[in-house]
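Got the viewer open and a selection box ready? Let's take a walk through this one, stop by stop.

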Amino acid sequence: MAPRILAVLCARETGDRFPEKCVSPIGTLPVLAHILARLDQTDFIRQVVLAIPEGMGQNNLRHIAVEFGIPVVSGPEHDVVARMDMAVQRYARKDDLIFRALGDQPFVDWDALEYAAAITWARGWDFVLPLSFSEDPVYGSGVHPWSFRAWQAIAQNSRGEEREHPGMWIRRNLERWSYGLLDLPHRVYRPYRLELDTVRDLEMFRLIHASWTGETPPPLRWVVRFLDRNPSVAAMNASVHEKTGTYTSFSRAEIDA
């Protein structure tokens, strides 16, 4: 029996640095549509749910969800855990893995998602983590599905900044869980930024997309090879710094531990 995943796609049309980034076009499709097309490449995903902030101003996201035939839940803008939990409570099954997809990561790696889900499922783990933090990964491509049990703990115990960054509570309480460390594919360890935070990111992503001639979305391994061969493109957003994230939300001592 293969693992089954509930993917909760978190997106919003508001933001300080780049409002409406999730609906900005790359080629003929908005960013959110590219993400949905990538998630559609794996049979492991049983259901995708779009989780957005409540209130006005999210109509473009709703229209995309209708076009792709996926349900929508809405909740507090700055409580991402609450929004995700609405989706989990309504659409998850207890044997599902829960995956948080992000609306600003148009190159999410479905191959890595399948790999992580398969080994998590087979070993009965609650999640997996990268084996090494000593090398920079491709930012914006990582995947970390959780067990249903782990998600329930995240929803019940996250406080403060942990509510806006699902999984942060787990990372601060690793001793409670059964998990594995994976040696990620070599392609993952590159100092490239593939998360959409600025107009420079968008310009770079459009160049990558324009260079792809396939009928299906470009796999991450192709994107990495393209950036390896075109360092001037890879450098376009090298000066952009993350405000938060796995590698900036924890001290060096926490990462080493």
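## Aromatic stops, cores and helix pairs

Start by selecting W169 and W177: both of these residues are buried. Keep in mind as you look around that this is a predicted model. Leave that pair on screen for a moment, as we'll come back to its ring geometry.

Now zoom out to the whole protein. Colour by secondary structure and you should find 10 helices and nine strands. Of the 257 residues, 54% count as buried. Take the contacts with a separation of 6 or more: residues 24 or more positions apart account for 73% of them.

**Aromatic pairs.** The structure holds six aromatic pairs. Select F127 and Y179 to see one that is stacked, at 5.2 Å centre to centre with 10 degrees between the planes. This pair links distant parts of the chain, since F127 lies in strand 7 and Y179 in strand 9 (residues 179-182), 52 residues apart. Are the two partners buried or exposed? F127 is buried, its relative accessible area being 1%, while Y179 counts as partly exposed at 30% relative accessibility. Back to W169 and W177: their ring centres are 6.3 Å apart and the planes sit at 80 degrees, so this pair is edge-to-face. For one more aromatic stop, select W212, W222 and F226, which form one cluster.

**The largest core.** Next, pick L50, F99, L194, I208 and L227. Within the largest nonpolar core, which has 48 residues, these five touch the most other members. Which element gives this core its largest share? That is helix 8 (residues 220-229), with six residues. There is also a second, separate core of 25 residues, and V80, F127, W146 and L174 are among its members.

Stay with F99 and show its neighbours. Leaving out residues up to four places away in sequence, F99 touches I5, L6, A7, V8, L39, V108, L113, V143, H144 and P145.

**P145.** Hop to the last name on that list. P145 is in the loop between strand 7 (127-130) and strand 8 (146-147). Is it buried or exposed? With a relative accessible area of 0%, P145 is buried, because the cut-off for that is under 20%. Its contacts, again without residues up to four places away in sequence, are L97, I98, F99, L113, A116, A117, D126 and F127. If you'd like a distance label, draw one from P145 to L129: they are 16 residues apart in sequence and 9.8 Å apart in space, C-alpha to C-alpha.

**Helix 3 against helix 5.** Select residues 80-91 and 148-157. These are helix 3 and helix 5, which pack at an angle of about 140 degrees with their axes 10 Å apart. That angle makes helix 3 oblique to helix 5, and the crossing is left-handed. For the side chains in between, show V81, M84, D85 and V88 from helix 3, which meet F148, W151, I154 and A155 from helix 5.

**Helix 7 against helix 8.** Last stop: select residues 199-211, which make up helix 7, along with helix 8. Their axes are 11 Å apart, and the packing angle is about 105 degrees. Helix 7 and helix 8 are therefore roughly perpendicular to each other. Turn on side chains to see M204, L207, I208 and S211 of helix 7 meeting W222, V223, F226 and L227 of helix 8. Two of those names should ring a bell: I208 and L227 were among the residues that touch the most other members of the largest core.

Note on methods: Residues are numbered from 1 along each chain as its sequence is written. This is a predicted model: local features need pLDDT of at least 70, side-chain atom pairs count only at pLDDT 80 or more; totals for chains, interfaces and linings use all residues. Side-chain values use heavy atoms; hydrogens and water are left out. A nonpolar core is a set of buried Ala, Val, Leu, Ile, Met, Phe, Trp, Tyr and Cys residues joined through side-chain atoms within 4.5 Å. Buried means under 20% relative accessible area, exposed over 50%, partly exposed in between (1.4 Å probe, protein chains only). Helices (H or I, at least four residues) and strands (E, at least two) are DSSP runs, numbered from the N terminus. Contact means heavy atoms within 4.5 Å. Rings of Phe, Tyr and Trp (its six-membered ring) pair if their centres lie within 6.5 Å; planes under 30 degrees apart count as stacked, over 60 as edge-to-face and the rest as tilted. Axes are lines fitted to C-alpha atoms, for helices over the stretch in contact, and angles run from 0 to 180 degrees between N-to-C directions. Angles under 35 degrees count as roughly parallel, over 145 as roughly antiparallel, 65 to 115 as roughly perpendicular and the rest as oblique. A crossing is left-handed if the near helix is turned anticlockwise from the far one by less than a right angle, and right-handed if clockwise.
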